[in-house]
Amino acid sequence: MFSLKGKSAIITGGGSGIGKAISMLFAKQGAKVHIIELNADAAQQTVTEIEAAGGAAVAYGCDVSNQEAVVNTFGQIGEIDILVNNAGIAHIGKADTTSEEDFTKVFNVNVKGAYNCLYAGIPALKKSGSGVILNMASIAAVVGITDRFAYSMSKGAIFAMTLSVARDYMADGIRCNSISPARVHTPFVDGFIAKNYAGQEAEVFEKLSKSQPVGRMGKPEEVASLALYLCSEEAGFITGNDYPLDGGFIKLNN
Ligand SMILES: NC(=O)c1ccc[n+]([C@@H]2O[C@H](COP(=O)([O-])OP(=O)(O)OC[C@H]3O[C@@H](n4cnc5c(N)ncnc54)[C@H](O)[C@@H]3O)[C@@H](O)[C@H]2O)c1
């Protein structure tokens with residue numbers, strides 16, 4: 001079960017955290033993995049680890065917010081069966097404390113970046129006849145989270161894009177779903193704690209862990225396992241859905 005043998009998969013942001021875990025697992029299950037990353041060195045490091053484990057992968061340095069670069073990179077890759085829109089950035093702020101520059105940056109990476117990859121990738125996925133798209137949303141798409149105005153906006157857009165794409169390309173055999181993790185322990189989390197809560201790192205880490213009723217953060221490998229299922233043929237009946245992976249965050253936090 002859950003074999004990706006013979007499949008070609010693009011994973012954005014595969015140089016770190018959740019995208020890296022998805023890249024490693026998809027390669028282990030037999031996919032040829034193409035990592036599209038702003039940080040080309042990090043992507044190359046993932047490729048080295050995949051190859052050391054006997055898998056196949058290629059790294060491409062590319063900013064997903066740049067449509068020309070995305071179209072060129074997808075052109076180099078050619079045929080694909082799976083697209084995982086995972087690259088994303090965090091931001092802390094409320095509506096009146098988010099600068100126009102920060103708002104635009106979050107929009108360009110998290111929203112336009114996903115659109116650019118859909119724009120460039122859907123023609124290739126149509127040719128596959130059984131294409132799969134998986135978008136990385138967040139619980140912030142459906143739950144009000146303090147101080148996450150721009151980030152929540154961007155993940156709400158991912159949630160809506162998933163439905164739109166699932167509907168529009170159903171006749172082409174393309175399935176499209178999203179995963180909404182609560183807090184997952186990755187460099188993304190460590191980075192924003194360091195940037196926004198200097199001097200209170202341990203306290204904030206503890207608080208963020210306890211915000212999941214199960215009392216801990218998720219692991220990138222746990223997101224990768226769900227991603228594998230949703231992108232496998234075993235999930236052939238699943239499209240147009242979002243899957244929370246949240247330690248009880250959405251329904252048990254009372
Ligand atoms: N970690 C969490 O708690 C959490 C929770 C919910 C959703 N998510 C989402 O999961 C996804 C991955 O998060 P993570 O925690 O693994 O983050 P991460 O920071 O560890 O990894 C993200 C990767 O994306 C790359 N990236 C950033 N901007 C890019 C761009 N413009 N073009 C190409 N690549 C770019 C980064 O270089 C990095 O390697 C994001 O979309 C994030 O919003 C994370």
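The ligand in this predicted model has 29 residues around it, and Ser16, Ile18, Glu37, Tyr151 and Thr186 come nearest. By class, 16 residues of this shell are nonpolar, nine are polar and four are charged.

Three helices each supply at least two shell residues: H1 (17-28), H5 (149-168) and H6 (187-196). H6 gives the most, with three residues. Two domains take part as well. Domain 1 (8-182 + 219-248) and domain 2 (185-217) both give residues to the shell, so the ligand lies between them.

Backbone atoms of the protein also pair with polar atoms of the ligand. The table lists three such pairs.

| Residue (backbone atom) | Ligand atom | Distance |
|---|---|---|
| Leu38, N or O | nitrogen | 3.1 Å |
| Val64, polar atom | nitrogen | 3.0 Å |
| Phe188, polar atom | oxygen | 3.5 Å |

How much of the ligand's accessible area does the protein cover? On its own, the ligand has 830 Å² of accessible area, and the protein covers 93% of it.

Helix H4 is a separate topic. H4 spans residues 100-128, 29 residues in total. From its first C-alpha to its last, H4 reaches 40 Å, close to the 42 Å expected at 1.5 Å a residue. Where does H4 bend? The bend is at Gly121, by about 45 degrees. A proline, Pro123, follows within four residues of Gly121. After H4 comes Gly129, with a positive phi near 85 degrees.

Note on methods:
Residues numbered from 1 in each chain as written. Predicted model: local features only at pLDDT ≥ 70, side-chain atom pairs only at ≥ 80, totals over all residues. Heavy atoms only, no water. Near = heavy atom within 4 Å. Polar contact = N/O pair within 3.5 Å; in protein donor to acceptor, adjacent residues only side chain to side chain. Areas by Shrake-Rupley, 256 points an atom, 1.4 Å probe, with all protein chains shown as cover. Nonpolar A, V, L, I, M, F, W, Y, C, P; charged D, E, K, R; others polar. Domains from an automatic or database assignment. Expected span 1.5 Å × (residues − 1). Bend = angle between axes of the 7 residues up to and from the residue.
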